Amino acid sequence: FLRPLVDKVFSPKIEVSDVIKPAVPPEPTYLNARQSFRLRIEEAMEDIAVTVKETVAKHSMETGVSESKLRRKLLYLLNTTGGYVDIKERLKAAAAHVVADSTLLKRYEEAITRQRTV
């Protein structure tokens with residue numbers, strides 16, 4: 001009988017999962033109502049700051065512009081472009097969410113205490 005000099009060596013098949021571990025999706029981070037409200041306030045402040053910077057940069061080169069005149073121009077710009085209304089609406093929605101969240105929390109606590117007393 002003829003036999004090969006070396007026995008056949010079969011290496012196991014390498015799968016992609018053997019080399020690369022499957023990606024684990026990050027756990028979602030949820031903001032509670034207060035954190036969301038704070039975030040929206042910060043966004044609104046950034047929007048106002050951008051408008052202030054633009055207005056000051058535009059009118060600071062003018063000679064004889066007093067601080068009160070610059071303030072009036074800024075307020076006029078915020079009123080005419082809808083800046084105040086936009087900010088107010090965003091904050092109103094966030095505030096409503098905070099109030100709803102706090103009433104839900106109170107109801108939950110009341111339900112828990114009622115359940116314990118029964």
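## Report on a predicted helical model

The protein averages a pLDDT of 77, with 95% of the residues scoring at least 70; pLDDT is the predictor's confidence in each residue, from 0 to 100. This is a predicted model, in which local features need pLDDT of at least 70 and side-chain atom pairs count only at pLDDT 80 or more, while totals for chains, interfaces and linings use all residues. Residues are numbered from 1 along each chain as its sequence is written, and side-chain values use heavy atoms, with hydrogens and water left out.

Helices are DSSP runs (H or I, at least four residues), numbered from the N terminus, and the table gives the two extremes of mean pLDDT among the elements of the protein.

| Helix | Mean pLDDT |
|---|---|
| H3 (residues 67–81) | 82, the highest |
| H4 (residues 83–117) | 77, the lowest |

Helix H2 has 27 residues, which at 1.5 Å a residue should span 39 Å, and this agrees with the 39 Å between its end C-alpha atoms; the expected span is 1.5 Å times one less than the number of residues. The buried residues of H2 are Ala33, Ser36, Ala44, Thr51, Thr55 and His59, where buried means under 20% relative accessible area, exposed over 50%, and partly exposed in between (1.4 Å probe, protein chains only).

Isoleucine 41, also found in helix H2 (residues 33–59), is partly exposed because its relative accessible area is 29%. The C-alpha atom of isoleucine 41 is separated by 9.9 Å from that of lysine 88, 47 residues apart along the chain.

Valine 19 lies in helix H1 (residues 16–19) and counts as exposed because its relative accessibility is 64%.
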